[in-house]
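Colleague: I have a structure to go through before this afternoon. Could we talk about its sheets and its surface?

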Amino acid sequence: MVTIEEKDLVQSIADALQYISYYHPVDYVQALGVAWAHEQSPAARDAMAQILTNSRLCAEGHRPICQDTGIVNVFLKVGLKVRLNLSGSLDDAVNEGVRQAYLNPDNPLRASIVSDPAGKRRNTRDNTPAVIHVSLVPGETVEIIVAAKGGGSENKAKMVMLNPSDSLVDWILTTVPTLGAGWCPPGLLGIGIGGTAEKAMLLAKESLMAPIDMSLLKARGPSNTVEALRIELYDKVNALGIGAQGLGGMTTVLDVKILDYPTHAASLPVALIPNCAATRHIHFTLDGTGPTSLMPPRLEDWPAVTWHAAPSARRVNLDTVRREDLADWKPGETLLLSGKLLTGRDAAHLRIQQLLSRGEPLPAGLDFTHRFIYYVGPVDPVADEVVGPAGPTTATRMDKFADFMLERTGLIGMIGKAERGPLGIEAIRKHRSVSLIAVGGAAYLVSKAIRAARVVAFADLGMEAVYEFEVEDMPVTVAVDCAGNSIHQSGPAEWRIRLSDIAHHEN
């Protein structure tokens, strides 16, 4: 009988979460490096370069890859010959590890978890509780997978109960374009097939924990039905032309992972969960000899890619720009923003709407006239930082507020990630506004452009408070112009045709 002490389990969970906050899995950055080298879309290539540069900066600086440091998922396979010497429950021990990781003063991680999800949605302030899965297996060890799943990709999870005769491939190819770009491609698709509804979802999530090996699989060829299906879906999903950040391009997914399980003869449960550009997971084993020891990856294994703004990028002074200046900004154009902007996410938008709808004034100092809003919830700063990693959140979630904000506050532009939906685009067209995107998965790189930061309203909302940022050469791309033209529609459409032509010529 092997005894595993509570302190070793807690420390291992905490160390693992810190580790994955700033170290990408090496297989991911290498696969992305290969995709970057082959990419022919300038916009997608630029986005990949930002992600790769951000990844190296985070590995060097031990700061989070993404401002959304995730909801913690922990998979434990507990050997039947293991004694867990715990003072409380296994969940309590895991959550103590989460708490210590997220409150670490050297690298604080953003607390994103809210309790009472259908009610007051109060932030738990330490990112607990984790989502924990435990299975009992033969052996004298505890095998653990720790993952941190961002909301942008988790929100895109889909599940369907197909008929046994239905085409799983058709459902995937119909569904993936509906996910938009909020899951920050290029990433991975996890697919669970079989079991029951909840089993299929768990299989999809577990599949994302496997190493990226698509290039090896294609080189040797499939040896079973699942491997053949992985290759088919990888090729067909990339042929959709969605591309990095949904801008249109050659690589939407770096791999497709599938786990299956026997199911009822009348059923074909299928679950789909994407993993984003901040894919974060690590595997380790406890054997009773102490906490896990995690070896840092070699920085030489990172692709030699450093992002630089294109010479053609338009420089914009946020302190003097006016609505009429937006008229000649084009979808896909790169901008470098300097000056002051305000931030705000879901909770801040709702509070602003409630105040103004009641005829009450906004807090002193909160004036959106002729200004841009950045959809962000940053990580707390450390040392001499003015703000921690501060990448964008999904703009689509703010679509329902767009018309109100543009109509009532004097706002002229918005910055987030991913596409705008019909409501957002119509509001932008109506008010001759624009929507810009920063690269999801480049949070630390973006924060380097922020020279000053202060909370100006709703401090009680924590990371969802409204900040004023002063930025210098903050890189963004025009996503929707003032006429309502969207790069997230035109980019993938163009690249679907290009990729079809490439495939035709190759055949």
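Modeller: A term to begin with: two strands pair if DSSP finds at least two bridges between them. Please also keep in mind that this is a predicted model.

Colleague: OK, so how do β9 and β11 pair?

Modeller: Strand β9, residues 187–194, and strand β11, residues 268–275, pair in the antiparallel sense over six bridges, and I191 stands opposite L272 in β11.

Colleague: What order do the strands of that open sheet have?

Modeller: The open sheet has four strands in the order β8-β11-β9-β10, with mixed pairing. Its edge strands are β8 (158–162) and β10 (253–261), each of which pairs on one side only, and neighbouring strands are turned by 15° against each other on average, with direction ignored.

Colleague: Which helix packs on the sheet?

Modeller: Helix α9, residues 225–238, packs there and touches β9 and β10, and its direction makes about 145° with that of β10.

Colleague: Switching to β19, why is it described as largely enclosed?

Modeller: Because 12 of the 15 residues of strand β19 (residues 466–480) are buried, the strand is largely enclosed by the rest of the structure.

Colleague: And which residue stands opposite V471 in β19?

Modeller: That is G339; strand β14 (residues 334–343) and β19 pair in the antiparallel sense over eight bridges. Strand β18 (residues 450–457) also pairs with β19 in the antiparallel sense, over six bridges, and there R454 stands opposite E468.

Colleague: Last one, the surface: which residues make the nonpolar patch?

Modeller: L80, V134 and L136 make a nonpolar surface patch of about 310 Å². V134 is found in strand β6, residues 131–137, and counts as partly exposed because its relative accessibility is 45%.

Technical notes: Residues numbered from 1 in each chain as written. Predicted model: local features only at pLDDT ≥ 70, side-chain atom pairs only at ≥ 80, totals over all residues. Heavy atoms only, no water. Patch = residues over 30% accessible without salt bridge, like charges linked within 9 Å, V, L, I, M, F, W, Y side chains within 5 Å. Areas by Shrake-Rupley, 256 points an atom, 1.4 Å probe, with all protein chains shown as cover. Salt bridge = Lys/Arg side-chain N within 4 Å of Asp/Glu carboxyl O. Helix = DSSP H or I, 4+ residues; strand = E, 2+ residues; numbered from the N terminus. Buried < 20%, exposed > 50% of the residue type's maximum accessible area, 1.4 Å probe, protein only. Axes fitted to C-alpha atoms, helices over the stretch in contact; angles between N-to-C directions. Contact = heavy atoms within 4.5 Å.
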